[in-house]
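Let us walk through this structure step by step, going from the whole chain to single residues and to patches on the surface.

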Amino acid sequence: SDASDASDASDASDAAANAATAAGYAAAYAAYAAAFDAADASDGGGVASAARTDKVLNLSASIALQILIDLKSPGCEFLNLADAAEGKKS
């Protein structure tokens with residue numbers, strides 16, 4: 001029915017908005033952490049600081065990815081194909 005289709009479209013739109021918001025927060029946190037570590041590196045942090053930055057960025061990306069999966073964002077059903085291509089188990 002038309003009402004059901006409109007409701008489904010609204011739910012999908014809400015999920016996409018939630019996913020975009022969550023990804024935005026994760027990206028903002030990653031940028032903050034990178035800026036913090038960049039300042040630390042300029043004080044002689046060097047390789048250790050770069051490793052921490054990578055760790056924070058990877059964690060932020062993992063958080064954003066998990067949020068997108070939990071919200072059943074479009075395309076997430078195909079993520080297992082990327083894991084299979086890399087030889088990982090899903």
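Of the 90 residues in the protein chain, 14% count as buried, and it should be kept in mind from the start that the model is a predicted one. The accessible surface of the chain amounts to about 6400 Å², and 62% of that surface belongs to carbon and sulfur atoms. In terms of secondary structure, the chain has two helices and zero strands. Helix 1 covers residues 2–70, while helix 2 covers residues 79–85.

A useful place to begin within helix 1 is S60, which has its place in that helix. Is S60 buried or exposed? S60 counts as buried because its relative accessibility is 4%, and the cut-off for being buried is under 20%. When neighbours within four places in sequence are left aside, the residues in contact with S60 are A26, Y29 and A30.

A50 also lies in helix 1, but its surroundings can be described in another way. With a relative accessible area of 40%, A50 is partly exposed, because this value falls between the limits of 20% and 50%. Along the sequence A50 and A34 are 16 residues apart, and in space their C-alpha atoms are 8.9 Å apart.

Turning to charge, the reader can look for D2, D5, D8, D11 and D14, which together form a negative surface patch. One of these residues, D11, lies in helix 1, and D11 is partly exposed, with a relative accessible area of 48%.

After helix 1, the path of the chain leads into the loop between helix 1 and helix 2, and this loop is the place of K72. What is the sign of the phi angle of K72? Although K72 is not a glycine, its phi is positive, at about 55°. K72 also counts as exposed, because its relative accessibility is 70% and the limit for exposed residues is over 50%.

Beyond the loop comes helix 2, and L79 lies in this helix. L79 is partly exposed, with a relative accessible area of 31%. Which residues make a nonpolar surface patch with L79? The partners of L79 are L65 and I69, and the patch made by these residues and L79 has an area of about 200 Å². The value of 31% for L79 can be set beside the rule that patch residues need over 30% relative accessible area, and this helps in following how a partly exposed residue such as L79 can take its place in a surface patch.

Methods: Residues are numbered from 1 along each chain as its sequence is written. This is a predicted model: local features need pLDDT of at least 70, side-chain atom pairs count only at pLDDT 80 or more; totals for chains, interfaces and linings use all residues. Side-chain values use heavy atoms; hydrogens and water are left out. Helices (H or I, at least four residues) and strands (E, at least two) are DSSP runs, numbered from the N terminus. Buried means under 20% relative accessible area, exposed over 50%, partly exposed in between (1.4 Å probe, protein chains only). Patches are made of residues with over 30% relative accessible area and no salt bridge: like charges are joined within 9 Å, nonpolar side chains (Val, Leu, Ile, Met, Phe, Trp, Tyr) within 5 Å. Accessible areas come from the Shrake-Rupley method with a 1.4 Å probe; for residues, only the protein chains shown count as cover. A salt bridge is a side-chain nitrogen of Lys or Arg within 4 Å of a carboxyl oxygen of Asp or Glu. Lys and Arg count as positive and Asp and Glu as negative; His and the chain ends are not counted. The place of a charge is taken as NZ of Lys, CZ of Arg, CG of Asp or CD of Glu. Contact means heavy atoms within 4.5 Å.
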